[in-house]
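Ready for some practice in reading a protein model? Take your time with each exercise, and try it yourself before you read the solution.

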Amino acid sequence: MLLDSVLEDFPQEITLKDNFTCVVRPLEPADEQALHEFFLAVPDRERMFIKHRVNDPAVIHDWCQNIDLGRNLPLLAFSGSQIIGSGTLHQQLGGWKRHIGRVSVLVHPQFRGRGLARALVTNAVEISRRVSLEKVEAEFIGEQEAAIKVFALLGFSVLLRLPDYVKDMQAISHDYVLMGLDLKTDEEYAGMG
């Protein structure tokens, strides 16, 4: 299985700006408390943009006890035992979007500006290629300008922007932004002549 060969690459040590190092590996059941603490460290204003109620311990418990890495592959970045970032590759295992992965990323506020988001997204894109996905997408609320910029720098382009389309946890409307990246390799393009 393609995913098994991907998982053999973890844990990975990565070096970020200022020679800061962290370890990246997939979510494990024992990460429940650390993952909950990670999400609680995210400011309330930002947490409103997350699709799930990550401040609810039951949500985190469910994620950690029902891990399906083929469907959702959360890569967690650790500094010691503290989770400092999360990048997840979400996949539909069947249906009309089975060739498209969705990438999401979140970095602990105290560890931003070091290139961790970029490293986690790059890792998720590489995994997407290795498991034979053809495209990856990312969803944002319009105000998430810094995140949109990181994805744009990595080659993602805005596929659509819908004004006042989604509502945050406070029922306030926001623009919905969908970005995408085609994963065809140069060799595949060269064969299309």
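The exercises below go from the whole chain to a pair of helices and then to single residues. Keep in mind that this is a predicted model.

**Exercise 1. The whole protein**

Task: Describe the overall build of the protein, and work out whether its radius of gyration agrees or disagrees with that of a compact globule.

Solution:
- Step 1. Start with the secondary structure: the protein has seven helices and eight strands.
- Step 2. Next, look at the extent of the chain. Along the principal axes, the C-alpha atoms fill a box of roughly 50 × 40 × 40 Å.
- Step 3. Now compare. For 193 residues, a compact globule would have a radius of gyration near 16 Å, and the protein has 17 Å, so the value agrees.
- Step 4. Turn to the inside: 40% of the 193 residues are buried.
- Step 5. Finally, consider how the chain meets itself. Among the contacts with a separation of 6 or more, 60% are between residues 24 or more positions apart.

**Exercise 2. Two helices that meet**

Task: Find out how helix 2 and helix 4 are placed relative to each other, and which residues make the contact.

Solution:
- Step 1. Recall what we need: two packed helices are described by the angle between their axes and the distance between the axes.
- Step 2. Helix 2 covers residues 32-40 and helix 4 covers residues 57-65; their axes come within 9 Å and cross at roughly 135°.
- Step 3. Name the arrangement. Angles over 145 degrees would count as roughly antiparallel and 65 to 115 as roughly perpendicular; helix 2 and helix 4 are therefore oblique to each other.
- Step 4. Add the handedness: helix 2 passes helix 4 in a right-handed crossing.
- Step 5. List the partners. Helix 2 contributes Glu32, Leu35, His36 and Phe39, while helix 4 contributes Pro57, Ile60, His61, Trp63, Cys64 and Gln65.
- Step 6. Sort the residues of this contact by character, and you get six nonpolar, three polar and one charged.

**Exercise 3. Backbone details in the loops**

Task: Look at Pro11, Asp18 and Ala171 in their loops, and say what is notable about the backbone at each place.

Solution:
- Step 1. Pro11 sits in the loop between helix 1 (2-7) and strand 1 (12-15). The peptide bond that joins Phe10 to Pro11 is cis, with omega about 5°.
- Step 2. Asp18 belongs to the loop between strand 1 and strand 2 (21-26). Its phi is near 60°, which is a positive value in a residue other than glycine.
- Step 3. Check the surroundings of Asp18: with a relative accessible area of 74%, Asp18 lies over the 50% cut-off, so it is exposed.
- Step 4. Ala171 is in the loop between strand 7 (157-167) and strand 8 (173-182). Here phi is near 65°, again a positive value in a residue other than glycine.
- Step 5. Ala171 counts as exposed because its relative accessibility is 53%.

**Exercise 4. Buried, partly exposed or exposed?**

Task: Classify Leu162, His108 and Ala124 by accessibility, and find residues that touch them.

Solution:
- Step 1. Leu162 is found in strand 7. Its relative accessible area is 30%, so Leu162 is partly exposed.
- Step 2. Setting aside neighbours within four places in sequence, Leu162 is in contact with His174, Asp175 and Tyr176.
- Step 3. His108 is in the loop between strand 5 (100-107) and helix 5 (116-130). At 7% relative accessibility, which is under the 20% cut-off, His108 counts as buried.
- Step 4. Beyond neighbours within four places in sequence, His108 is in contact with Phe38, Ala41, Gln82, Ile83 and Ile84.
- Step 5. Ala124 is part of helix 5, and at 2% relative accessibility Ala124 counts as buried.
- Step 6. Not counting residues up to four places away in sequence, Ala124 touches Leu89 and Val103.

**Exercise 5. Apart in sequence, apart in space**

Task: For His108 and Ala77, and for Ala124 and Gly101, give the separation along the chain and between the C-alpha atoms.

Solution:
- Step 1. His108 and Ala77 are 31 residues apart in sequence, and their C-alpha atoms are 9.8 Å apart in space.
- Step 2. Ala124 and Gly101 are 23 residues apart along the chain, and 9.2 Å separates their C-alpha atoms.

Note on methods. Residues numbered from 1 in each chain as written. Predicted model: local features only at pLDDT ≥ 70, side-chain atom pairs only at ≥ 80, totals over all residues. Heavy atoms only, no water. Axes fitted to C-alpha atoms, helices over the stretch in contact; angles between N-to-C directions. Helix = DSSP H or I, 4+ residues; strand = E, 2+ residues; numbered from the N terminus. Parallel < 35°, antiparallel > 145°, perpendicular 65-115°, else oblique. Left-handed = near helix turned anticlockwise from the far one by under 90°. Contact = heavy atoms within 4.5 Å. Nonpolar A, V, L, I, M, F, W, Y, C, P; charged D, E, K, R; others polar. Rg over C-alpha atoms; globule rule 2.2 N^0.38 Å. Buried < 20%, exposed > 50% of the residue type's maximum accessible area, 1.4 Å probe, protein only.
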